[in-house]
Amino acid sequence: KYCRTFRGHGSGVAQVHFPSSAADKFVVSGGNDGRICVWDLDKLDRNSKVPVDAPGEILNIAVSSDGHQVLTYKYYHPPDSEHSESEVILWNADNGVSLPIKKFLGTVDLLGFSHSATKAFYVASNIPYTGHLVNIYDIESKTSFELHAGKSYYMGEWSDGYSEYNSFHVCQLFFSPDESLVVAVSENGAIDVWKSGSDTKFLEV
């Protein structure tokens, strides 16, 4: 049954996050215009508390299980830079307050939250001199730590003398039910396990 056409993006819509449960009453969309829209399904209208317009394209969106946090991945080309950049931003869906987590050269493959919505994560690849990273961000303490996942391999030297390494893409990332462990599964079949809050691998398969 047709309900409503939502209009608010100035160009194509790249990502749409639908409710994860019947209790959720909103839809989040991200556009190629850099805009984030939170749509109220009860009022069938846009939530005006999240007036987000930024340069670049919103290429991925994740919403926490409690519905109060939104994680976005934006890709853009700053006018004063030779390279395109990525930015991961955490949003409060209730009041529109934003908290930039990280800017970097590279791309983001995965975004998400832990079960309790106390931690956010992203998996980044194609990062010069580094390769592949898993970043876990603690929302309460506003601190993060990076995990190196998968098997790295040497790709060559950059013109400025740095060596470049890359690793097989991480295709899935999980938290254990009690969130004491973080598990990353790479496309080559490698499985890496860390104790939550530690950057030392607990297990590598």
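**Note on an all-strand predicted model**

1. Start with Tyr122: leaving aside neighbours within four places in sequence, Tyr122 is in contact (heavy atoms within 4.5 Å) with Val88, Ile101, Lys102, Phe104, Val108, Leu110, Leu111, Leu133, Val134 and Asn135.

2. Some housekeeping. This is a predicted model, where local features need pLDDT of at least 70, side-chain atom pairs count only at pLDDT 80 or more, and totals for chains, interfaces and linings use all residues. Residues are numbered from 1 along each chain as its sequence is written, and side-chain values use heavy atoms, leaving out hydrogens and water.

3. Overall, the chain has 0 helices and 18 strands (DSSP runs numbered from the N terminus: H or I of at least four residues, E of at least two). Of its 205 residues, 41% are buried, that is, under 20% relative accessible area with a 1.4 Å probe, protein chains only.

4. Tyr122 also turns up in the largest nonpolar core (buried Ala, Val, Leu, Ile, Met, Phe, Trp, Tyr and Cys joined through side-chain atoms within 4.5 Å). This core has 15 residues, and Leu71, Val88, Leu111 and Tyr122 touch the most other members. Two or more residues each come from β6 (69-76), β7 (85-92), β8 (98-104), β9 (107-113) and β10 (119-127).

5. Now the sheet: 4 strands in the order β5-β6-β7-β8 make an open, antiparallel one, with pairing taken as at least two DSSP bridges. β5 (57-63) and β8 are the edges with a single partner strand each, so one side of each lacks a neighbour in the sheet.

6. Within that sheet, β6 and β7 pair antiparallel over 8 bridges, and Tyr76 sits opposite Glu85 in β7.

Notes. Buried < 20%, exposed > 50% of the residue type's maximum accessible area, 1.4 Å probe, protein only.
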